[in-house]
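This report covers strand pairing, helix packing and internal spaces in one protein chain. Please read it alongside the sequence and the 3D view.

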Amino acid sequence: MQITKMEKSITAMAGKGSCPLITIQPSRGLIDEKFQITVKNLLPGQAVTLHSLTQSEDSDFWEAFGHYVSDGKGTVKVAEDVSLGGSYDGLEPMGLLWSMKPAPGSRPGLRFRKTDVCTPVVVRIAVYTGHIGDGFTEASALAHAVTERSYMAPGVRRTDIRQSGVRGTLFVPLGPGPFPAVLDMWGGGGGLVEYRSALLASHGYVSLALDYYSTQVMEKSPDNDPSLGYEYFETAFTILQDHPQVASDRVALLGLCFGTAVALRVTAYSAVINPRCVVCISGSHVQPVKEPISSIRAEMQKNYYKFRCDQNNHLITRDMFLPVPPDPSKKVDVGRLKCPLLLIVGEDDQSWPTAESAEDIEKMMETAGNRHLLTTLSYPGAGHLIEPPYSPHAYASKMIVDQIKIKVTMLWGGETKLHSHAQEDSWQKILAFLDQHLYCSPGTSSHL
């Protein structure tokens, strides 16, 4: 087999003790913290591939890779150099995380989600000679390093909540407090999702990840219940308010997808829930407001005939609440809101009519005279699942759809690069919004 001049040079370098070296700084950090990857001791102008690999808690492998060329000193700096191709291109310091996809041969319809937030996401980053796009398991790496990315900062405490019928997980920052707090509600996938709350606590907020989408909660209230199903959420809000390390007058609501529908509903109509501010990601205000909250699911089931599939048989559900109804009994009266509202909109959301709803919300608040409370962040090319930054983009994934009781591949939407940039930008602005309204008051400065 013929040995190339490049291979001879690499072999000679190894003999002189100047093997390629890869470093990651910081090697340990929060999942939303940028790192810097540097490769040294390459040949000047050497073509290399940087490859990242992690294994999910479901034992699936996820990977990303970028093609680089070293500078005149034989160095590649991912934060300063452009990727010429791979799973991402251009100047993308965190591309080796956000562009991760399931490794070839993986099960279809996967979505990367961290369940055990007490352990970090461990990522192996390796450098290979040449520009390659597959065969990483068979190829020999020139060098590799490992980085750990965590949702929980050191000192954050995690506590299971099983109180007064409420089920959730509480995360409390390090220190005596009192801290501002966030009631964190995910969407229609159900279950207890903790990683966003863990990350919020790492940024100085007591956060309660609330489990609410179960049948026991959503169908607990009969149709004639005067509380309209608010009681569970009011109890959760009160538990959070009454915690000894929480500043009771500085509590926010944060919802994604179905969680947005709940957050808007209880903020507008509950006599108990009085948040300082509300963050709504990828959701809608459209729902039958004179009926219990559980009726939102019934409304979705009634409209399942509006569901459609793309050419890959991925389910598109965004038409279920379209057109946005003019009937005021069919949508939350956002003119009643008395606190600041931040809407996060993915313009390619294929799950909920997020953009149309945001437009109607703005019109309603303009008419009601509280438009000054609204901030809308709209992202072209972003899909439904806008998560904390550097999370792998899920364009489509499998889930059980409550409306039709079967497992399907849901189309969430989004173009990977634009969606990932939306995740990074929106997260920074969510933290700034919370900081402004929960930490700051006249005459005080931000905690950030």
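Which residue of β9 does I125 stand opposite? The model shown here is a predicted one. In it, I125 stands opposite A145 in β9.

**Strand pairs**

I125 and A145 face each other, and strand β8 (residues 121-129) pairs with β9 in the antiparallel sense over seven bridges. Strand β9 covers residues 143-150 and also joins strand β2 (residues 28-30), in this case running parallel and through three bridges. Within that pairing, R28 is the residue opposite E148 in β9. Another antiparallel pair is formed by β11 (residues 166-172) and β13 (residues 206-211), joined by five bridges. Here F171 has S207 in β13 as its bridge partner. In general, strands of a sheet are held in pairs by backbone hydrogen bonds, in a parallel or an antiparallel arrangement.

The pairs described above are listed here.

| Strands | Sense | Bridges | Opposed residues |
|---|---|---|---|
| β8 and β9 | antiparallel | seven | I125 and A145 |
| β2 and β9 | parallel | three | R28 and E148 |
| β11 and β13 | antiparallel | five | F171 and S207 |

**The eight-stranded sheet and its helices**

Strands β11 and β13 belong to an open sheet of eight strands, ordered β10-β11-β13-β12-β14-β15-β18-β19, with mixed pairing. Its edges are β10 (157-163) and β19 (374-379), each of which pairs on one side only. From one strand to the next, the twist averages 20 degrees.

Helix α8 (residues 354-368) lies across β18 (341-346) and β19, and runs at about 150 degrees to β18. Helix α9 (residues 416-439) also packs on the sheet, where it touches β12 (179-185), β14 (246-256), β15 (277-281), β18 and β19. The direction of α9 makes about 165 degrees with that of β15.

**Cavities and a pocket**

How many cavities of 30 Å³ or more does a search of the whole structure find? There are four. The largest cavity holds about 100 Å³ of space. Its lining includes V121 and V123, along with R149, Y151 and F112. By type, the lining residues of this cavity are nine nonpolar, one polar and one charged.

The second largest pocket has a volume of about 190 Å³. It is lined by 14 residues, and H51, E63, A103, F136 and T137 are those nearest its centre. Strands β4 (47-55), β5 (61-69) and β8 are the elements that each give two or more residues to this lining. The pocket lining divides into six nonpolar, four polar and four charged residues.

Technical notes:
Residues numbered from 1 in each chain as written. Predicted model: local features only at pLDDT ≥ 70, side-chain atom pairs only at ≥ 80, totals over all residues. Heavy atoms only, no water. Pairing = 2+ DSSP bridges. Helix = DSSP H or I, 4+ residues; strand = E, 2+ residues; numbered from the N terminus. Axes fitted to C-alpha atoms, helices over the stretch in contact; angles between N-to-C directions. Contact = heavy atoms within 4.5 Å. 1 Å grid on protein atoms, 1.4 Å probe; cavity = no way out; pocket = protein on both sides within 12 Å on 5 of 7 lines; lining within 4 Å. Points joined across faces, edges and corners; volume = space filled by probe spheres on them. Nonpolar A, V, L, I, M, F, W, Y, C, P; charged D, E, K, R; others polar.
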